[in-house]
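Let's walk through this model together, from one residue in its interior out to the helix pairs and a few odd spots in the loops. Have the sequence and the coordinates open as you read.

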Amino acid sequence: MTEHLLLRFRLRLLFATSVLLTGVMGWPQPPLWLQWTALLLLVLSAINTLRHKRLFLSLVLMLGLTNLLLLALEQWGGLPSSLSNGMGLFVFYLAMVASLFHRVIHERPVTGELIYGLLAFYLQLALAFAMAYQMVNGLVPEAFWSARGALQLHDFVYYSLVTLTTVGYGDIHALAPAARLLAGAEAVAGVMFIAIAVARSLMLISDREEDI
């Protein structure tokens, strides 16, 4: 019974853990145990979602465990935070985005559960760009400008969300060419997501009308 529920609502669980991790990463200096818990829950929900996709499952599992190890090394082994919070998580989120994109685009029939997959995809995309911004900021001096001074991971999560939604409040500016290219790519991705979400939602309505 429990396994059936986990399979039936796997995309809802993935969305819930994506919301949790986005909130944790977007909070200034969250406790390490909370980071571990949020990331571990996301890895477990990803395993539950991709259990029938062996390639994606193996990749996500490997990257998720690697990032948990990086968090531990950063805390106790003096590992630079730009590595533990940047490159490893960026690759992990890219794997999640690729697997979710493949599913939400190709799966038929479209169900209400798949809409939760779209929302999870949206949040994972925002987190992937946030990690990319942090990597660029660590590699390129003065890649971003903010009136608040030095930017941290939670600032880039915020910046990624407002860029993906094409709001662009202007309190953080991308200055370096690589940073500007990433910001432009994310804005385009945000618009494309709306098109995909509308198309899949209309398909859901159409499929339900055919069943009546």
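Leaving aside its neighbours within four places in sequence, which residues is L21 in contact with? The partners are A38, L39, L42, Y93 and L127, where contact means heavy atoms within 4.5 Å.

Before going on, a word on ground rules. This is a predicted model, in which local features need pLDDT of at least 70 and side-chain atom pairs count only at pLDDT 80 or more, while totals for chains, interfaces and linings use all residues. Residues are numbered from 1 along each chain as its sequence is written, and side-chain values use heavy atoms, with hydrogens and water left out.

Now the overall layout. The protein has 8 helices and 2 strands; these are DSSP runs numbered from the N terminus, with helices being H or I of at least four residues and strands being E of at least two. Read from the N terminus on, the order of elements is α-α-α-α-α-α-β-α-β-α. Of the 212 residues, 44% count as buried, and the cut-offs are under 20% relative accessible area for buried, over 50% for exposed and anything in between for partly exposed, using a 1.4 Å probe and protein chains only. If you like contact maps, take the contacts between residues at least 6 apart in sequence: 73% of them join residues at least 24 apart.

Back to L21, which is one of the residues with the most contacts inside the largest nonpolar core, along with L14, Y93 and F144. That core has 46 residues; a nonpolar core here is a set of buried Ala, Val, Leu, Ile, Met, Phe, Trp, Tyr and Cys residues joined through side-chain atoms within 4.5 Å. At least two core residues come from each of α2 (10-25), α3 (32-49), α5 (81-106), α6 (112-139), α7 (153-164), β2 (172-174) and α8 (177-211). The largest share, 14 residues, is supplied by α6.

So which helices does α6 pack against? Two packed helices are described by the angle between their axes and the distance between the axes. Here the axes are lines fitted to C-alpha atoms, for helices over the stretch in contact, and angles run from 0 to 180 degrees between N-to-C directions. For α2 and α6, the angle is about 25° and the axes are 8 Å apart. That makes the pair roughly parallel, since angles under 35 degrees count as roughly parallel, over 145 as roughly antiparallel, 65 to 115 as roughly perpendicular and the rest as oblique. Their crossing is left-handed, meaning that the near helix is turned anticlockwise from the far one by less than a right angle, with clockwise giving right-handed. On the α2 side the contact includes L14, F15 and L21, and on the α6 side it includes L119, L123 and L127. By class, this contact has 12 nonpolar, 4 polar and 3 charged residues; Ala, Val, Leu, Ile, Met, Phe, Trp, Tyr, Cys and Pro count as nonpolar, Asp, Glu, Lys and Arg as charged, and the others, Gly among them, as polar.

The pairing of α6 with α7 has an angle of about 125°, again with axes 8 Å apart. This makes α6 oblique to α7, and the crossing is right-handed. Among the residues that meet are Y122, L127 and F129 in α6, and F156, Y159 and L161 in α7. The contact of α6 with α7 divides into 14 nonpolar, 4 polar and no charged residues.

Next, a charged residue worth a look: is R200 buried or exposed? At 6% relative accessibility, R200 counts as buried. R200 is found in helix α8, and its C-alpha is 9.1 Å from that of L118, 82 residues away in sequence.

Finally, two backbone oddities. Most residues other than glycine have a negative phi. Q29, in the loop between α2 and α3, has a positive phi of about 50° and is exposed at 77% relative accessibility. T166, in the loop between α7 and β2, has a positive phi of about 60° and is partly exposed at 48%. Leaving aside neighbours within four places in sequence, T166 is in contact with A187 and V191.
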